[in-house]
Structures are given as C-alpha cells and as structure tokens.
Amino acid sequence: MKRLAGKVSIVTGSDRGIGKGIAIALAKEGCSVVVNGHKKGKDALDAVKEIKSLGSDAIFVEADVSREQDVRNLIKTSVEKFGRLDILVNNAGILVSGTITTLTEKDWDRQMDVNLKGVFLCSKYAIRQMISQKKPGRIINIASIAGIVGFPGISAYCASKGAVTELTREAALDYAKYGITVNAIDPGVIVTDMTKSMLDDKPTRKSLMDNTPVGRFGTPEDIGNAAVFLALDASGFITGHNLVVDGGWTAR
Ligand code: NAP
C-alpha cells in the first residue's frame with residue numbers, strides 16, 4: 001500500500017539534488033509531484049520522466065521562488081492541474097560564500113531572497129490553498145545544520161537557515177488549528193552540486209568526513225526518506241520540529 005496515494009505535492013528546486021531526491025521519494029509513495037526549478041531544461045524533463053516511470057503523475061513548473069508573481073503562478077498552475085495541494089516542500093536554495101566583512105549587500109540580499117523570502121512566499125500561497133481545502137496539510141522546510149551550529153565562511157547562508165528554522169516554529173503555531181503541520185529538516189553534508197567544490201577539495205572533504213560520525217556523506221535519498229516521514233498522515237502530531245539528518249554531525 002502506497003502511503004501517500006492520492007496526495008499532491010510541490011517540491012521547490014526539485015529538478016536536481018536534494019529536491020529531486022525528495023520528489024522521487026514522495027512519488028514512490030504514490031504522491032503526485034510538481035517539480036520546480038528556475039528553467040525548464042534537461043534536468044527538469046528527466047525528473048518528470050523519472051517520476052512518471054514510478055507510476056506517479058508529475059509536471060514541471062518554472063518559477064523563481066524569490067519572485068511573488070512566479071510563486072503565485074506555481075501554486076495556481078499546480079492546483080489547476082491536480083485540483084488540490086497537500087504537501088509543500090520548501091527546498092530551493094543557494095549558498096553564497098563570504099563572511100560579514102567580505103559579503104556585499106547584493107550577495108546578502110540574494111541569499112536571503114531565495115533561502116528565506118522564497119520559503120515565506122511559497123508557504124503563504126500554499127497555506128492559503130490548504131486552508132481553503134479544509135483538509136490537513138504539510139509544510140516541510142529544508143533548513144540546514146548550518147542554522148543550528150556555526151560554519152565559518154558562510155555568514156549569510158547560516159543566517160538564512162537559522163531564520164528558516166525559527167519561521168518553522170512560528171508558522172507551526174499559527175496554522176496548527178487548521179491541521180497544517182510545519183516542520184524542518186536539517187541536512188548535514190549531502191552529495192549534490194551545492195557541495196561538489198567542497199567535496200572535490202581533498203583537505204575540505206577529509207575535514208567534513210571527520211565531522212560525520214557515521215562515516216559517509218548523506219544522499220538526496222536520505223533527505224527524501226525524512227520528508228516522506230513528515231508528510232505521512234501518521235505524523236500529524238509532529239509540528240514545529242527540526243529533524244536533523246546529519247550522520248551525527250550535531251550529536252558530537
Ligand atoms: P543544488 O544541488 O544546488 O540544487 C538547488 C536546487 O534549487 C535546484 O533545483 C535549483 O534549480 C533550485 N533553485 C535555486 N534557486 C532557485 C530559485 N530562486 N527558484 C527556484 N529554484 C531554485 O542544492 P542542494 O544541495 O540540492 O540543496 C537543496 C536544499 O538543501 C537547499 O535549500 C540547501 O540549502 C539545503 N541543504 C543542502 C545541503 C547539502 O549538503 N547539499 C545541506 C544542508 C541543506 P535550478 O536547477 O533551476 O538552478
């Protein structure tokens with residue numbers, strides 16, 4: 001029995017990386033998936049094809065999560081296609097390197113626009129839709145362990161993820177009465193394009209591995225499995241929680 005059969009999800013930033021891992025994990029449980037990214041390229045088409053091959057329905061909707069008009073269109077197109085929305089995974093994100101003294105104002109704004117304003121905008125229109133349906137809903141924010149412990153050299157990124165972590169708790173309180181849960185997943189080091197340059201650098205790779213007690217880096221599938229857990233009807237009593245999926249990094 002597929003545990004998310006009949007449900008509809010939007011996963012932002014899901015044409016590759018962690019978002020794609022989440023989209024596939026949801027699809028394996030029978031969930032229809034709206035795949036999203038900046039541009040409809042090969043990655044987007046491949047992700048939709050892969051989901052359909054699993055027997056679930058999927059479409060791609062191009063949208064920049066930091067632009068309100070794009071986000072409105074993302075939610076509207078999804079509901080027009082599938083008739084409802086049960087699960088939003090706010091995954092789209094970028095990593096802008098730099099410290100307080102080296103980051104420009106433009107760097108800071110872009111980091112916050114995608115990682116924080118994007119979560120606000122997508123949640124706003126998704127939650128309005130969920131409330132109108134009078135059915136339980138799920139918001140799952142992909143934050144980071146960088147939102148709960150410091151990482152040198154990425155000030156704006158850490159600040160954006162810390163803010164997402166707190167927004168998760170706050171929104172959980174605002175929407176509990178509608179049966180909408182709001183939780184975050186805090187990944188550790190996951191092998192994707194975002195971490196490629198770090199993992200290609202031998203000393204950095206060794207240092208990251210030394211901090212990961214389970215002895216391997218995470219995969220998009222690891223985060224997908226956690227997202228499925230939070231999306232289930234059976235998880236309805238969990239809200240405002242940060243689920244750390246980091247191979248033990250923050251347990252040290
Ligand atoms: P990634 O491989 O770089 O993929 C990023 C995804 O986000 C892509 O699908 C990209 O779409 C999309 N995206 C970026 N900006 C967007 C925008 N403005 N609007 C819509 N989509 C946008 O990154 P990842 O490693 O999978 O990271 C996914 C999430 O996990 C991020 O929030 C990241 O901060 C978080 N995270 C990652 C790690 C890690 O170790 N990898 C650890 C903790 C947290 P395009 O393909 O169109 O560019």
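Start by selecting Cys-122: this residue is buried, with a relative accessible area of 0% (buried means under 20% relative accessible area, exposed over 50%, partly exposed in between, with a 1.4 Å probe and protein chains only). What you have open is a predicted model, where local features need pLDDT of at least 70, side-chain atom pairs count only at pLDDT 80 or more, and totals for chains, interfaces and linings use all residues. Residues are numbered from 1 along each chain as its sequence is written, and side-chain values use heavy atoms, with hydrogens and water left out.

Now add Cys-31 to the selection. Cys-31 is buried too, at 0% relative accessible area. How far is the sulfur of Cys-31 from the closest cysteine sulfur? The distance is 16 Å, to Cys-122, and that is too far for a bond. A disulfide here is a pair of cysteine sulfur atoms within 2.5 Å, and a search of the whole structure turns up zero of them.

Next stop: Lys-134. You'll find Lys-134 in the loop between helix 4 (105-133) and strand 5 (137-142). Helices here are DSSP runs of H or I with at least four residues, strands are runs of E with at least two, and both are numbered from the N terminus. Lys-134 counts as exposed, with 73% relative accessibility. Check its backbone as well: phi of Lys-134 is near 55°, a positive value in a residue other than glycine. Most residues other than glycine have a negative phi.

Then jump to Gly-240, in the loop between helix 8 (220-231) and strand 7 (242-245). Show its neighbours: leaving out residues up to four places away in sequence, Gly-240 touches Thr-168, Arg-169, Ala-172, Val-182 and Asn-183, where contact means heavy atoms within 4.5 Å. Try a C-alpha distance to Thr-181 while you're there: 7.3 Å separates the pair, which sit 59 residues apart along the chain.

Finally, zoom out and colour by secondary structure. The chain has eight helices and seven strands, and its C-alpha atoms fill a box of roughly 50 × 40 × 35 Å along the principal axes. Of the 252 residues, 50% are buried. Turn on contacts between residues at least 6 apart in sequence, and 74% of them join residues at least 24 apart.

For a last view, colour by charge: the chain carries 33 positive and 28 negative side chains, and the centres of the two sets lie 4 Å apart. Lys and Arg count as positive, Asp and Glu as negative, with His and the chain ends not counted; each charge is placed at NZ of Lys, CZ of Arg, CG of Asp or CD of Glu.
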